[in-house]
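Please examine the sequence and the three-dimensional model shown below, and keep both in view while reading. The paragraphs that follow lead through the structure one region at a time.

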Amino acid sequence: MIQPVAWITSLIFMSFVVIAFGLVALKSKGKRDYGPIKKKWYKARTFYGSLLVILMLAVTIYTLRDLPYNQPAYGEGNEPTVVDVEAYQFGWNISQTEFSVGEPIEFEVTSADVTHGFGIYDEDMNILTQTQAMPDYTNTVYITFDEPGTYEILCMEYCGLAHHLMIEEITVK
Ligand SMILES: [Cu+2]
């Protein structure tokens, strides 16, 4: 069924192309004065081009005026709980490990030695969010837990022999 349909459709479109070529070939014989047409459409091009530039400029200025985004991630008056996280070989220093459902949290993640990975997993070992823990640098990651439970923080970057021991639990009530 598809084969004949494709064949007929192709034929129809091919005949369109042939007709278009034929028309252009026929028309090309006649002499026309292109001066006025050219002038008219150059004017139109300048007009629409300028309009586009002005429009895009306005849109760009309007959408980028808030950069850099320094407003709070959860909106005004809804400041997240700031939690300091420091990864080290081989463990985590976390300033707070108990949270409430619906509480916006901002993890400020850094490392004391080498690069680690900060990953938060739920009880089924699904990753919820992650960022790199880098020495002399702080990465911010935001999360709001929707469900109570015990969540695990695992290192996501191989960082040495006891990398697999970098496990920390956080509780959400
Ligand atoms: Cu690590």
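**A guided reading of the model**

The largest pocket is lined by Asp122, Glu123, Asp124, Leu128, Ile143, Thr144, Phe145, Asp146, Glu147, Pro148 and Tyr151. The model is predicted, so local features require a pLDDT of at least 70 and side-chain atom pairs count only at pLDDT 80 or more, while totals for chains, interfaces and linings use all residues. Residues are numbered from 1 along each chain as its sequence is written, and side-chain values use heavy atoms, with hydrogens and water left out.

A pocket is defined on a 1 Å grid over the protein atoms alone, as an open set of points where a 1.4 Å probe fits, with protein on both sides within 12 Å along at least five of seven lines; a lining residue has an atom within 4 Å of a point. The volume of the largest pocket is about 190 Å³, where a volume is the space filled by probe spheres set on the grid points, which are joined across faces, edges and corners. Its lining comprises 5 nonpolar, 1 polar and 5 charged residues. In this division Ala, Val, Leu, Ile, Met, Phe, Trp, Tyr, Cys and Pro count as nonpolar, Asp, Glu, Lys and Arg as charged, and the others, Gly among them, as polar.

One of the lining residues, Glu147, is found in the loop between β7 and β8 (149-155). Helices (H or I, at least four residues) and strands (E, at least two) are DSSP runs numbered from the N terminus. Glu147 has a relative accessible area of 55% and is therefore exposed; the term exposed means over 50%, buried means under 20%, and partly exposed lies in between (1.4 Å probe, protein chains only). Glu147 and Val101 are 46 residues apart along the chain, and their C-alpha atoms are separated by 6.0 Å.

The next site to consider is that of the metal. Which protein atoms are the donors of the copper ion? They are ND1 of His116 and SG of Cys155, together with SG of Cys159 and SD of Met166, at 2.0 to 2.4 Å from the ion. Donors are N, O and S atoms within 2.8 Å of the metal (3.2 Å for Na, K and Ca); water is not among the atoms, so sites may look incomplete. The angles among the 4 donor atoms range from 97 to 126°, and the site is tetrahedral, a term applied to four donors if all angles lie between 85 and 135 degrees. Along the chain, the donors follow the spacing H-x38-C-x3-C-x6-M. Of these donor residues, Cys159 and Met166 are both buried.

Attention now turns to the aromatic rings. The whole structure contains 6 aromatic pairs. Rings of Phe, Tyr and Trp (its six-membered ring) pair if their centres lie within 6.5 Å, and planes over 60 degrees apart count as edge-to-face. Phe13 and Phe16 form an edge-to-face pair, with 6.0 Å from centre to centre and 75° between the planes. Both residues lie in helix α1 (residues 2-27), 3 residues apart, which is about one turn of the helix. Phe13 is exposed, because its relative accessible area is 51%, and Phe16 is likewise exposed at 52%.

Another edge-to-face pair joins Trp92 and Phe118, at 5.6 Å centre to centre and 75° between the planes. Trp92 belongs to strand β2 (residues 91-94) and Phe118 to strand β5 (residues 116-121), so this pair ties together parts that are 26 residues apart in sequence. Both Trp92 and Phe118 are buried. Ring pairs link these two residues with Phe99 and Phe107 into a cluster.

Finally, several features of the backbone deserve notice. The peptide bond from Gln89 to Phe90 is cis, with omega near 5°, and Phe90 is placed in the loop between β1 (81-88) and β2. Met125, in the loop between β5 and β6 (127-133), has a phi near 65°, a positive value in a residue other than glycine. Met125 is partly exposed, because its relative accessible area is 40%. Asp136 also has a positive phi, near 60°, and lies in the loop between β6 and β7 (139-144). With a relative accessibility of 82%, Asp136 counts as exposed.

Technical notes: Tetrahedral: all angles 85-135°; square planar, octahedral: opposite > 155°, others 65-115°. Phe/Tyr/Trp six-rings, centres within 6.5 Å; stacked < 30°, edge-to-face > 60°.
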